[in-house]
Amino acid sequence: MSENSIATPPGTTSTFSAELRRVPGVAWILGLLVLVFALASRDFLSAPNLLNIGLQSVILLILALPMTMIIMTEGVDISMGAVLTLASVVLAWVLAHDGSLPLALAAALVTGLAFGVGNGMLVALLKMPPFVVTLGTMGVAQGLALLATDGQSIVVSNDSLQAVYAGSFMGIPQTLLIGAVVYALSHWLLYQTRFGTYVFALGGNPDALGLAGIRANYYLIAVYAFGGLMAGLAALILTSRMSSGHPTAAIGMEFDAIAAVVVGGTSFEHGNGWLFGTLLGVLAVGALRNGLNLLTVASSVQVSCIGLLVIVALLIDGFKGKK
Amino acid sequence: MNDAIASGRLMARLVDLKTIGYRLAAALAICLVLAAASDVFLTTNNLLNVLRQASLLFLLASGLTLVILTAGLDLSVGANIGMSACIAASVIKLTGSAMLGAATGVGVGLAIGLLNGVLVALMRMPPFIATYGMLWVVHGVTYWFMAGTTIYGFPAAFRALGSGYFLGLPIPVYLMFVFLALGSFFAQRTTYGQEIYAIGANREAARLSGVPIAKRLILVYAVSGAMAGLASLVFLARMNSAEGDIGEAFTLPAIAAALIGGTSLFGGVGTVSGTLVGALILTLVLNGMNLLTIDASWQPLVTGVIVLLAVFFDALTRKGGDGRQ
């Protein structure tokens with residue numbers, strides 16, 4: 001019995017056609033949002049605005065992809081927004097102290113990785129509920145960011161940093177390229193590697209995995225570590241976009257990421273998920289934020305809308321689960 | 001009485017005796033350190049201040065404790081305080097009636113709690129994510145409602161709830177004792193309370209024993225919401241002003257208070273009186289940092305570390321512990 005569930009975890013044999021069959025739910029949401037905003041605002045479908053949605057969604061995508069894997073293991077990482085913020089502050093701090101961009105990026109990645117590994121160890125070794133563990137590390141990261149900056153922005157004027165967000169490579173904005181690379185990397189990790197197989201299995205039945213003699217803990221730690229590392233990478237884009245590190249810059253962004261994952265059809269309870277859905281979910285959240293912006297809806301109300309989107313997506317998930 | 005309920009009750013008593021003693025000793029030790037480190041600590045004014053802050057935290061965390069006893073969690077309590085306080089404040093301003101405002105505050109809190117309960121119990125959503133989603137919905141609506149404004153200046157009768165004294169003690173302290181008694185009686189001495197322990201200890205066994213799970217879950221989330229509403233009134237009365245972000249800093253300390261007090265995130269273990277001691281310990285630590293003029297920026301960091309430590313010890317005691325699961 002238990003071996004069966006390892007041999008064929010749901011979705012590992014995912015082919016493109018299998019993925020396509022699951023499109024409807026999130027595609028409907030995305031299509032509906034695009035339709036509504038296209039009717040409500042003539043700017044929405046303009047080429048510059050669509051590019052804008054793409055650019056703004058990349059940070060979200062970089063967080064949402066590892067978040068998908070974490071949620072597939074029946075976990076979550078609430079500290080992601082705060083870790084991204086801290087990494088951004090670290091990156092800006094190194095640059096402001098005459099460090100080079102590679103050094104600053106390395107420092108941001110190490111910061112993110114340290115929190116990811118820490119989260120993973122607390123969840124995997126102590127078997128504590130991920131929600132509360134990452135809530136605690138969120139407080140730690142937030143506190144460190146505040147302490148490091150005294151609540152102020154660290155402004156950086158560094159040409160090579162600004163070139164990251166503003167620059168383009170063969171006519172394609174670099175930011176989009178980074179997003180594409182991270183998507184390809186995540187896809188490879190989840191669907192082509194041993195790591196990915198265990199991500200599916202961890203959500204389905206971690207006990208069976210342990211009984212089968214697999215060091216499930218290592219893989220669980222690795223999943224959270226990947227999340228932390230990506231938060232560090234996202235800090236590069238965020239800091240480049242704002243030309244500064246601010247201690248509250250990305251607070252709460254993990255919620256947008258979780259929303260994108262849930263809307264994208266990854267389930268909190270059944271241990272199955274898919275990255276393409278998350279990509280569509282990211283675009284849905286990005287379109288929602290952008291469209292509401294165009295309609296000059298306050299950002300607080302945007303947050304409420306995303307919250308409602310999550311609850312509706314969970315309800316749909318719940319009804320699917322009962323069948 | 002069935003097994004699940006009986007073992008839940010026995011466990012509650014044992015944990016109560018064993019853990020409260022250690023924790024009170026820890027609180028005393030912190031007091032000694034602070035008394036040695038700061039001249040101000042032992043002044044009547046400061047001690048009353050600690051009690052008042054602890055009572056506010058306890059009011060919030062006591063309701064949350066019931067939720068955690070069922071192996072759930074309510075992450076929306078901070079946002080709940082924000083909305084309850086802001087709506088209560090505007091009702092007081094509009095009608096001039098403190099009673100009506102207070103009733104509205106508790107009502108709003110209760111409504112949010114009921115919604116959480118429905119999502120968790122009837123829609124079967126995982127408690128963490130349901131209340132986390134609710135957090136952001138409530139947060140956004142509150143900000144939209146306040147539109148960046150501040151409501152301030154309330155009638156003296158209302159403000160007494162937060163800053164008044166009776167027989168030398170702050171009024172919130174009386175509220176704390178009332179709800180300590182009510183909460184402990186409810187959890188330890190009523191069938192409802194025992195069923196709540198049973199749900200947390202072993203949900204399947206509780207269900208087979210005939211405990212109406214959905215109803216009890218809705219009850220605990222509703223109580224948690226209503227207590228957040230009540231806490232918001234005390235806080236509002238103390239601050240004498242309301243802004244959209246008024247409750248945000250409360251979620252983590254409330255969870256920390258329950259965990260320090262010995263309530264297990266895995267459910268079925270913990271007491272309301274433990275949470276009181278937890279609230280006291282956390283308040284003492286934060287007060288001590290204040291007295292030693294440590295920057296307020298340290299507070300989220302310290303609270304975060306305290307949550308992690310509490311979670312850590314929760315895991316340790318369970319591993320060596322009671323042999324369940």
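Why does A:Ala225 count as buried? Select A:Ala225 and you will find 21 C-beta neighbours inside 10 Å, so the residue counts as buried; the cut-offs are 20 or more other C-beta atoms within 10 Å for buried, 12 or fewer for exposed, and partly exposed in between, with C-beta atoms placed from the backbone.

Before going further, a word on what is loaded: this is a predicted model, in which local features need pLDDT of at least 70 and side-chain atom pairs count only at pLDDT 80 or more, while totals for chains, interfaces and linings use all residues. Residues are numbered from 1 along each chain as its sequence is written, and chains are lettered from A and ligands numbered from 1 in the order in which they are written.

**Stop 1: around A:Ala225**

Stay on A:Ala225 and show helix α12 of chain A, residues 216-242, where this alanine is found. Helices here are DSSP runs of H or I with at least four residues, strands are runs of E with at least two, and both are numbered from the N terminus. Now add A:Leu113, A:Gly116, A:Val117 and A:Gly120, which A:Ala225 touches when residues up to four places away in sequence are left out. Contact means that two C-beta atoms, placed from the backbone, lie within 7 Å. Put a distance label between the C-alpha atoms of A:Ala225 and A:Val117: they are 4.6 Å apart in space, yet 108 residues apart in sequence.

Zoom out to the whole of chain A, with its 15 helices and four strands. Of its 323 residues, 55% are buried. Among chain A contacts between residues at least 6 apart in sequence, 80% join residues at least 24 apart.

**Stop 2: two residues with positive phi**

Most residues other than glycine have a negative phi. Select A:Asp98, where phi is near 65°, a positive value in a non-glycine residue. A:Asp98 is in the loop between α5 (80-96) and α6 (101-126) of chain A, and it is exposed because it has 8 other C-beta atoms within 10 Å.

Then jump to B:Ala71, which is not a glycine either but has a positive phi of about 70°. Look for B:Ala71 in the loop between α2 and α3 (77-95) of chain B. With 19 C-beta neighbours inside 10 Å, B:Ala71 counts as partly exposed.

**Stop 3: helix α2 of chain B and its partners**

Select residues 44-69 of chain B for α2(B), and residues 171-189 for α7(B); their axes come within 9 Å and cross at roughly 25°. Axes are lines fitted to C-alpha atoms, for helices over the stretch in contact, and angles run from 0 to 180 degrees between N-to-C directions. That angle makes α2(B) roughly parallel to α7(B); under 35 degrees counts as roughly parallel, over 145 as roughly antiparallel, 65 to 115 as roughly perpendicular and the rest as oblique. The contact includes B:Leu59 of α2(B) and B:Phe179 of α7(B). Its residues divide into 11 nonpolar, three polar and one charged. Here Ala, Val, Leu, Ile, Met, Phe, Trp, Tyr, Cys and Pro count as nonpolar, Asp, Glu, Lys and Arg as charged, and the others, Gly among them, as polar.

Next, show α10(B), residues 213-239, whose axis comes within 8 Å of that of α2(B) and crosses it at roughly 175°. The two helices are therefore roughly antiparallel to each other. Among the residues making this contact are B:Leu60 of α2(B) and B:Met227 of α10(B). By class, the contact has 16 nonpolar, three polar and no charged residues.

Keep α10(B) on screen and add α3(B): these two pack at about 55°, with axes 8 Å apart, and are therefore oblique to each other. Their contact includes B:Val77 of α3(B) and B:Ala228 of α10(B), and its residues divide into 10 nonpolar, six polar and no charged.

**Stop 4: B:Leu60**

Centre on B:Leu60 and select B:Val77, B:Met227, B:Ala228, B:Ala231, B:Phe250 and B:Ala254, which it touches, not counting residues up to four places away in sequence. In the largest nonpolar core, with 223 residues, A:Leu63 and B:Leu60 touch the most other members. Such a core is a set of buried Ala, Val, Leu, Ile, Met, Phe, Trp, Tyr and Cys residues joined through C-beta atoms within 7 Å.

**Stop 5: where the chains meet**

Finally, display both chains: 31 residues of chain B are in contact with 36 residues of chain A. On the chain B side, α5 (127-146), α11 (251-260) and α13 (298-320) each supply at least two residues. Which helix gives the most to that side? Colour α13(B), which gives 11 residues.
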